[in-house]
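User: Please take a close look at one part of this model, the salt bridges, and then set that part in the context of the rest of the chain.

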Amino acid sequence: MSSVTPRSWQGFAALALLAVAVLFWPIVHATPGYGIAAAALIFLLLLLAIAADNFPPAIGAILLFIGAHGAAWILVAGITGNEGTARAPFYLLLAAAWLLAWRCVTILSALRPTSRWAATALRLIIPAIFGAWILIIWEAVTRGAGIPFILLPPPSAIGARIANSLPILAADVRQTIFKAVIFGYVVGSGAGFLTAILADRVPFFRRGLLPIGNMVSALPIIGVAPIMVMWFGFDWQSKAAVVIIMTFFPMLVNTVAGLAASGHMERDLMRTYASGYWQTLFKLRLPAAAPFIFNALKINSTLALIGAIVAEFFGTPVVGMGFRISTEVGRMNIDMVWAEIAVAALAGSVFYGVVALFERAVTFWHPSVRGG
């Protein structure tokens, strides 16, 4: 049970990388660089993770997590202050830790917990580990290779900038998201939905609007945004107008397609019961169209944020996420640019997640929801 011999190809590959790292020692060019104690602890943690294959899955996953992430943390902490001095063993040890983290995720994915809270925790932990390793590799490579800060700052510098710029970021989020994005998203999606109902009711509108909708949806945002700024001014109203244009037609097209999704047998049954158009719409066709409608809402949740940020490049008050990105790029404050990008990505993910949760609550009857 305590043998170091791995049982997975990730473990064998990690063990080989450890052996090659010893041949090309030391880890960095700097003196003293990593001390003997730090280097020994890195190897001990990685060997512990390699040996974890011989333990029961739950215990093995814990040991893999501790070993891989502990070794990665020591590697990143040791290179901080010695940027650009990493040698081949640094990257070999980092690759070994990544392979063992991969093995950890593989074991976690194979677990079948009996309790609901454990299953929920696993669904959160697995993508969290994956995302954490994107940041770990980013941090290690930028510091180890000494990549200039102006080209690509490490995640730690971006996190520090976020922590030191919370009032500015909060003002930008309030201007871009809570004013332009939310207003434009609600109005654009709502108008697209109501227009789809009208187009479904009146064939003339359906034949005339859908081709125009396909054409307008292909309009470049960089051509629409300056016009909206000229029409509605430099404040958030012009950005909301861009968002309305970007979200209107995806909702229109998806809702029209969804309203046609119900089968002929179901419609014939409703007619047999002497149901009118509106009864058939609310009791049959809209429920059948719900997956299409929520698909449009999820698409619009990302389009709205992109549209508002890009529109702010063409004129805005001295606040807003797009304004901040364009201004700080000119000032070479790349860490602030990445901080705005990180906040936008987080806000977009939360927005999308809220819509997805609402979809699961409303379309609980759909096979895709019941199966997942």
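Analyst: **Salt bridges and their surroundings**

In this predicted model, Arg103 and Asp53 form a salt bridge in which the closest N and O atoms are 2.9 Å apart. Because Arg103 belongs to helix 4 (residues 88-110) while Asp53 sits in the loop between helix 2 (36-51) and helix 3 (57-79), the pair ties together parts of the chain that are 50 residues apart in sequence. Arg103 and Asp53 are both buried.

A salt bridge also joins Glu83 to Arg143, and here the closest N and O atoms lie 2.6 Å apart. This pair links distant parts of the chain, since Glu83 is in the loop between helix 3 and helix 4 whereas Arg143 is in helix 5, 60 residues apart. The two partners fall into separate accessibility classes: Glu83, at 36% relative accessibility, counts as partly exposed, while Arg143, at 15%, counts as buried, the limit for that class being under 20% relative accessible area.

The pair formed by Glu359 and Lys298 has its closest N and O atoms 2.9 Å apart. Glu359 is part of helix 14 and Lys298 is part of helix 12 (residues 277-311), so this salt bridge ties together parts that are 61 residues apart in sequence. Glu359 has a relative accessible area of 13% and is therefore buried, and Lys298, at 16% relative accessibility, likewise counts as buried. Salt bridges that share partners, moreover, join Glu83, Glu139 and Arg143 into one network. The count of salt bridges comes to seven, and the pairs described here are among them.

The wider setting is given by the domains. The domain assignment of the protein chain gives domain 1 (9-145) and domain 2 (155-369), and the centres of domain 1 and domain 2, taken over C-alpha atoms, are separated by 40 Å. Where domain 1 and domain 2 are in contact, four residues of domain 1 meet four residues of domain 2.

The largest pocket brings the two domains into one picture, because domain 1 and domain 2 both give residues to its lining, so that the pocket lies between them. About 300 Å³ of space lies in this pocket, and its lining is made up of Gly131, Ile134, Leu135, Trp138, Ile162, Ala342, Val343, Ala345, Leu346 and Ser349. The elements that give two or more residues to this lining are helix 5 (116-144) and helix 14 (334-362). Helix 14 supplies the largest share, five residues. Helix 5 and helix 14 have already appeared above, helix 5 as the element that holds Arg143 and helix 14 as the element that holds Glu359. In character, the lining residues of the largest pocket divide into eight nonpolar, two polar and no charged.

One further buried position can be described through its contacts. Thr247 is found in helix 10 (residues 236-259), and at 0% relative accessibility Thr247 counts as buried. Leaving aside residues up to four places away in sequence, Thr247 touches Gly184, Tyr185, Gly188, Ser189, Asn300 and Ala304. Of these contacts, Asn300 and Ala304 fall within the residue range of helix 12 (residues 277-311), the helix in which Lys298 pairs with Glu359 of helix 14.

Key:
Residues numbered from 1 in each chain as written. Predicted model: local features only at pLDDT ≥ 70, side-chain atom pairs only at ≥ 80, totals over all residues. Heavy atoms only, no water. 1 Å grid on protein atoms, 1.4 Å probe; cavity = no way out; pocket = protein on both sides within 12 Å on 5 of 7 lines; lining within 4 Å. Points joined across faces, edges and corners; volume = space filled by probe spheres on them. Helix = DSSP H or I, 4+ residues; strand = E, 2+ residues; numbered from the N terminus. Nonpolar A, V, L, I, M, F, W, Y, C, P; charged D, E, K, R; others polar. Domains from an automatic or database assignment. Salt bridge = Lys/Arg side-chain N within 4 Å of Asp/Glu carboxyl O. Buried < 20%, exposed > 50% of the residue type's maximum accessible area, 1.4 Å probe, protein only. Contact = heavy atoms within 4.5 Å.
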